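Biologist: I have a model open and would like to know what stands behind the words people use for its interfaces. Could you take me through them?

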Amino acid sequence: MIKLFKYAVILFLCSAPSSLYSQNNTNLESNSLVLQQAKELYEELRCLVCQNQSLLESEAPLALDLKELIKEKLKEGKTKKEVKDFLVERYGEFILLLPTLSLQNLFLWIGPFIFLFIGIIFAYKFYTNFNRSSNKTKTLNPAEKKNVQKILDEKLE
Amino acid sequence: MLVELGHFCLALALSVSILQFVLPIIGIKLKSTRALATSTYSSYLFFCLVSFSFISLMWAYISSDFSVALVAQNSHSLKPLIYKVTGVWGNHEGSLMLWILVLSLYSLALSIIGKNIPLKIKSIVLSVQGLIASAFTGFILFTSNPFLRLLPPKLEGEGFNPILQDIGLAIHPPFLYLGYVGLSITFSFSIAALILKQADSIWIKWVRPWAMLSWTFLTIGIALGSWWAYRELGWGGWWFWDPVENASFMPWLAATALLHSSIVAEKRNTLKAWTILLALIAFSFSLLGTFIVRSGVLVSVHAFASDPSRGIYILLMLILFTGGSLALFAKNAPKLKSGNMFSPISREGAIVINNIIFSAAAATVLLGTLYPIFIDALTANKVSVGPPYFESVFIPLMVPAILLCGFSPMLTWKRAVFDNIYERIIFIFIVSILITSFLIYIRNGSAMTFLGIFLSIWLFLGTIYDFFERILRGKSFNEVAKRIVSYPRSAYGMSFAHIGVSIFILGATMSTAYKTEIETSVQIGDKIIVENKELIFESIKQNQGPNWLADVATFRISHNESDISFLYPERRFYPASQINTSEPAILSRLFYDLYIVLGEKDIKNKNFAVRVYYSPLLNFIWIGIAFMAFGGILSLSDKKHRVSYKTLRKNRNLSIK
Amino acid sequence: MKKYYYYIPLITFILLILFFSRQLFLNKDPSHLPSVMLDESFPKLEFNQLEKYNLLTIEDIFSYDKPSLVNVWASWCVPCKIEHANLMLLKNKHSIRIYGINYKDNLQEADEILNLDGNPFYSIGVDSSGRIAINLGVYGVPETFILDRNGKIRYRHVGPILEYDIRETILPILTKLEQDD
């Protein structure tokens, strides 16, 4: 759930007037953009030792090394994507917590739409079937109509 | 000795559960009422045996009997009593014991409450319960026996994972299992309906309270687990999309869908095949969760130690129960009488859309959780599907559901005239937009924050509007008062639950969007300022717990001159397991949480790494969930649920054929 | 509605079960990762020296015309101690050349251990920052790579090499590599 909200936070941080930033961060590093990017990367990368944590959450030695490495690469001016590619080359796609949009992951990404689509198709069928069957029972054939009319007439008299 | 007795009782319980399964079948074949009626007594007996067995295991823990292998592995004589008790289910074997204890409790409850259910239906239900019970009891006895002795006995236990020593974690399994296993009752009722090929409106009346009950427990159980993660894992987060968390979330999503569809089934006698399918799927998700947690097919921080033979056994159970029930569904569901008609624009129609969304959401969580397995099987590659994926697909799925939820209670059953509520919807929409815009204007926020706050207000206003409109229909003050009193509890329950969702969304949005996070390192006397609050690192002292050593820091927090409080985050070291953990300290106020984590000590310059999180409205998450659960309880207390279990006395004799 | 709709849940479930069974019966450890470096040349890395020992150089690796092992180890790593005797065995009994990469270690202690338990390594390279290990895609110590005669990585073993591993995987792979071309 947090991912999209995270984007929100970032957007917020970028759009907020500078007075909103807390000035008291004691070891405010010179390059806050690097830190911001690094943090985003930490969250999208898996700690390989304690596997179900992201790098951000992990205090494992390898994770600390990786974090250091990521910061360095970003400071060198590498983009987030380049850093990711570097790590994928060494550790495989397993390290990415956010799967790439590749053919292999196609079903993962279109799956939710397929599920919704199937649901909608079923609902549609359900309603149309209902209408068909209810139409059948609701309209009376001429003979019945005559009969009903007759009964009604009798009653009215 | 007691342990052997407990072991023996468990073996007896297995045979009793087999009888509970078999005798009703014989009863039906031979048309023998007596054989059918045994199922009730079997369920009583099974409950007694399992309880005794469970208590004997618990006694082994309390008395620190380290001649029992399980106790030696998982307990420690120095552990506080409460954690010795809750330690019973802190491991694979013991948690299964809790599982069957809860199962026996449900069967017992059904036997007692369901006296007026026609004997034939009741015994089929109990027979299915017996089958589930025997499968699980067999699972315990043959693959995961908790009563095995250790020779020679250990002098001291091996403790257990230090981060698991927490009250939130200790008490969440019972609630979770009350939820998981409660779904077995709706499952068994569905099997009965499929076997007898009839699901009339009284049938759904029997089923609904159980669905409601399990949903409530599941909600509480998941919330407690999440609360534990929040307080203990030290990242200020409360949901991590770990496979084990997902394993509890999928049944919840299915149960939520079931809850809604069963309203339609009850009120309007339609959507019955679908409701049955949901009940089957909800329980299957519980079993699937068991499989995921215990088989070791997925990596998880929470998973129990795994063993392939256990995995195979659970897989077989999954095939038997889910496969069997879905096959029965495929065969017999088309023979169920189709129900009443309704228009797509109606309360039922809205619930259908709710069901589509929740089912798609459950399927998506399932897809994401299992995708690494699929890819591994199909391409031999390894991929990870982590929180970023789930967050980016789950939220968009839920948005239409919340939008719908804001006004669908205003729709009438069968065929709603949209024109009647059109103005109200526009009114609520505009008011929500205005309030949200105002809030975003003063606090600044992104589009996503806007959406979150808007949805929360929209749902809140919609629910409140609907409630007041129904209440204020009365003309005089007295009439209104009367309406308030006579307003059905289940309707109150719905309003509470929906308002709970709205509060939850607000808490989740605000606490994430406006979270302030400070990572720094401090010496004694240093000051950190977060959101106008001054945190002063006053002192540090060493402390000794029952099985850990700790550095305890004292932080003095001043909100203003008169409002001062203290927080004591700890850095613990557990010598037995050589693990360092951080014990966050949280100042939890209604409108914000201040969360301090004490990190590594830098020996050279006596600095401590510190992380501080300020999360506004974080408590609203828990308050929202509490409202949801309370809504469930309110709804359960509605007269009509009891009525359905009482009124059948007259027909009772007619029912056995 | 047509009847076959009602079979969809069952069919989906059967598919799921197939995947689960495969996963269970292959009994794969889901936390075990294949190396992405497989069939790639050993990367051109530069190491620091561990005093008194031969320095591992990339020329060493590429000039040797028999399969060899590269072992990542540290003195603080408990499983490494378990595997040490087996590395000695590989060196002495099977005369296999093993290169050591000393990972984030106290060099004195590393030296002590080699003095005490014997030195299984032909040459040793020091990776004090852990960067080299990251370049190799190492995620836990000990890890062992099997190189073919051209210096290509052909296999990765994660965790200590036990006698069983020598018998069942390491030696068979080495013999196979030796027989190749």
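**How the chains meet**

Modeller: Gladly! In this predicted model, 51 residues of chain A and 65 residues of chain B are in contact with each other.

Biologist: What makes these residues count as being in contact?

Modeller: Contact asks for heavy atoms within 4.5 Å. The 65 residues of chain B and the 51 residues of chain A meet that cut-off, so they are counted. Together the two chains bury about 4900 Å², with 68% of it on carbon and sulfur atoms. Trp235(B), Ser384(B) and Pro388(B) supply 13% of the area that chain B buries there, more than any other three residues.

Biologist: Why is the pair Lys39(A) and Glu517(B) called a salt bridge?

Modeller: The rule wants a side-chain nitrogen of Lys or Arg within 4 Å of a carboxyl oxygen of Asp or Glu. Here a Lys faces a Glu, and the closest N and O atoms are 2.8 Å apart; that is within 4 Å, so the name applies. The rule finds 1 salt bridge across the interface of chain B and chain A. Between these chains there are also 8 residue pairs in polar contact, both residues at pLDDT 80 or more.

Biologist: Which element of chain B gives the most to the side that touches chain A?

Modeller: That is α12(B), with 12 residues. Elements that each supply at least two residues include α13 (387–407) and β1 (516–522) of chain B.

Biologist: What makes up that side of chain B by class?

Modeller: The side of chain B that touches chain A has 37 nonpolar, 20 polar and 8 charged residues. Trp and Pro count as nonpolar while Ser counts as polar, so Trp235(B) and Pro388(B) fall in the nonpolar class and Ser384(B) in the polar class.

Biologist: And chain A itself: how many helices and strands does its secondary structure have?

Modeller: Chain A has 6 helices and 0 strands. Of its 157 residues, 39% count as buried.

Biologist: How do you know that these residues of chain A are buried?

Modeller: The word is kept for residues under 20% relative accessible area, so the 39% are those of chain A that fall below that limit.

Biologist: What about chain C and chain B: how many salt bridges does the rule find there?

Modeller: The rule finds 0 salt bridges across that interface, and the count of residue pairs in polar contact is 0 as well, with both residues required at pLDDT 80 or more. Still, 23 residues from chain C and 32 residues from chain B take part in the contact. The two bury about 2400 Å² between them, 80% of it on carbon and sulfur atoms. Tyr6(C), Phe20(C) and Leu24(C) supply 28% of what chain C buries against chain B, more than any other three residues.

Key:
Residues are numbered from 1 along each chain as its sequence is written. Chains are lettered from A and ligands numbered from 1 in the order in which they are written. This is a predicted model: local features need pLDDT of at least 70, side-chain atom pairs count only at pLDDT 80 or more; totals for chains, interfaces and linings use all residues. Side-chain values use heavy atoms; hydrogens and water are left out. Buried area is the accessible area (1.4 Å probe) that two parts lose on being put together, summed over both. A polar contact is a pair of N or O atoms within 3.5 Å; within protein, one must be able to donate a hydrogen and the other to accept it, and residues adjacent in sequence count only if both atoms are side-chain atoms. Helices (H or I, at least four residues) and strands (E, at least two) are DSSP runs, numbered from the N terminus. Buried means under 20% relative accessible area, exposed over 50%, partly exposed in between (1.4 Å probe, protein chains only).
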